[in-house]
Structures are given as structure tokens and as C-alpha cells.
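Student: I am new to this model, and I would like to learn how to read it feature by feature, starting from one place and working outwards.

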Amino acid sequence: MVIFGVEHPLLTPAIKDHNNKAEKERSVCQQRSCFIVDISSLSLVRITGIVCTGSAAYILSSCGAVHSWGNNSGHGANCNPNQPARIETLAPFKVTDMDAGSGHVLCCDTAGTVFSWGSGTGLGHGDQVRDLRTPTVVECLRGRRVVQVACSDTNSFAVTSDKEL
């Protein structure tokens, strides 16, 4: 189970005593403007990384799949923000690294291709693009073999296999 808040999601173990503990957690959530997300569908996923924006959470699996939930979580308009799901746009790729700022996410795959989505100025698609609902290739980095990405609230960074920033 996940308790998901305005600032970040909090992963908690599955609740065995649904009547008592769940009610207490729901009460805490109502006071803090958050909601509960059941992540039991990910119980067989071997998690190698997790990052969060201010309104969504992202899990990187050992096979390179990215699962997410929350608002603007990379699924486009047709998603349930309370249900973890694999980001299908990234399904053909094996993601190796991922990071998030307060409103956007970057990831790179085994070929060194960088994808970004979310909102803000750190997406890497020029000043005119400030809102992307699904992962989109960062064209200015195409062909540069990126091996690591990093995000701050308003900036994004990529390190290439040649150690260029």
C-alpha cells in the first residue's frame, strides 16, 4: 500500500488489519490532503529505483520497465492516478536510469536515448514546450549515448558515456 501526498508518496507494507489500521491511515490522509494507492499489483516487480515528483511516483524495474501512478504520471489523459501501471510509451525500451524534479521526469535507455515528460522548464525540448503528458525523446541529445540523468526543480542534466555533462 502507498500513502500518496502532495509532497511525496510513502510506501507502507500491505495492511492485514483492514478495519483498524486502514481507517487510521485514511484519517491521517484526509488531514494531510493525500490519498492511498494499493501497489500490490507490483508485488512481483523487482524494483531497482524509485523517484517522485510533487504529484506522482515512478518505479524502475530490473527489466527496464517504468511503472507509475499519480497526476501527470506519463500515461497521457487515459489513466487512473490511483492505480500503478506500466508506462506503455516506454515499453519498447529498456530504461537504465531515471530521475525526477518537482514536476518532470527524465530517463535514459540502453541505447543512450533520453526521454522526458511532465511540466516545467527542465524538459529539454526548448522554451516553448512546458507540458508533456507522455515520455518524449529529447531530440537535442539524440546520438549522444547518455548513461545517467539527473533533475532539479527547474533543470535537467545528462551524462554521456564519454563523461560529458
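Tutor: Let us begin at a turn: a hairpin joins E4 to E5 through 3 residues. Please keep in mind throughout that this is a predicted model.

Student: How many bridges join strand E4 to E5, and do the two run parallel or antiparallel?

Tutor: Strand E4, residues 47–52, is joined to E5 by 5 bridges, and the two strands run antiparallel. To see one of these pairings for yourself, find Ile47, whose bridge partner in E5 is Ser61.

Student: Which strand does E5 pair with through the other hairpin, the one that has 4 residues between the strands?

Tutor: That hairpin is the one of E5 and E6, and within it Gly64 takes a positive phi near 90°. Strand E6 covers residues 66–70, runs antiparallel to E5 and is joined to it by 5 bridges, and a good place to look is Ala56, which stands opposite Gly70 in E6.

Student: In what order do the strands of this open sheet lie?

Tutor: The order is E4-E5-E6-E7, an open sheet of 4 strands with antiparallel pairing. Its edge strands are E4 and E7, the latter at 85–86, and each of them pairs on one side only. On the E7 side, 2 bridges join E6 to E7, again in the antiparallel sense, and His67 stands opposite Arg86 in E7.

Student: Which way do the side chains of E5 point, and are they buried or exposed?

Tutor: The general idea comes first: in a regular strand the side chains alternate between the two faces of the sheet. Here, Ala56, Tyr58 and Leu60 point one way from E5, while Ala57, Ile59 and Ser61 point the other way, and all of them are buried. Strand E5, residues 56–61, is thus described as mostly covered, with 6 of its 6 residues buried.

Student: Where else can I practise this reading, with another strand that has 6 of its 6 residues buried?

Tutor: Turn to strand E9, residues 104–109, which is mostly covered in that sense. His104, Leu106 and Cys108 point one way from E9, and Val105, Cys107 and Asp109 point the other way, all of them buried.

Student: Which strands lie beside E9, and how many bridges join E9 to strand E8?

Tutor: Strand E8, residues 95–100, runs antiparallel to E9 and is joined to it by 5 bridges; a hairpin of 3 residues connects the two, and the bridge partner of Val95 in E9 is Asp109. E9 also pairs in the antiparallel sense with strand E10, residues 114–119, over 5 bridges, and there Cys107 stands opposite Phe115 in E10. In the hairpin of E9 and E10, with 4 residues between the strands, Gly112 takes a positive phi near 90°.

Student: Where does Arg145 lie, and why does it count as partly exposed?

Tutor: Arg145 is found in the loop between strand E11 (131–137) and strand E12 (146–151), and its phi is near 50°, a positive value in a residue other than glycine. Arg145 counts as partly exposed because its relative accessibility is 38%, and that class lies between the cut-offs of 20% and 50%.

Student: What is the phi of Lys163, and is that residue buried or exposed?

Tutor: Lys163 has a positive phi near 70°, and it too is a residue other than glycine. Its place is in the segment after strand E13 (156–160), and with a relative accessible area of 70% Lys163 is exposed.

Student: How many disulfides are there in this model?

Tutor: To count one, a pair of cysteine sulfur atoms must lie within 2.5 Å, and by this rule the count comes to 0 disulfides. Cysteines also appear outside the strand we studied, among them Cys63, exposed with a relative accessible area of 52%, and Cys140, which counts as exposed at 57%.

Student: How many helices and strands does the whole chain contain?

Tutor: The chain has 1 helix and 13 strands, and along the sequence the pattern reads β-β-α-β-β-β-β-β-β-β-β-β-β-β. Buried residues make up 41% of its 165 residues. The chain exposes about 9,000 Å², of which carbon and sulfur atoms supply 49%. Finally, among contacts between residues at least 6 apart in sequence, 44% join residues at least 24 apart.

Technical notes: Residues numbered from 1 in each chain as written. Predicted model: local features only at pLDDT ≥ 70, side-chain atom pairs only at ≥ 80, totals over all residues. Heavy atoms only, no water. Buried < 20%, exposed > 50% of the residue type's maximum accessible area, 1.4 Å probe, protein only. Pairing = 2+ DSSP bridges. Contact = heavy atoms within 4.5 Å. Areas by Shrake-Rupley, 256 points an atom, 1.4 Å probe, with all protein chains shown as cover.
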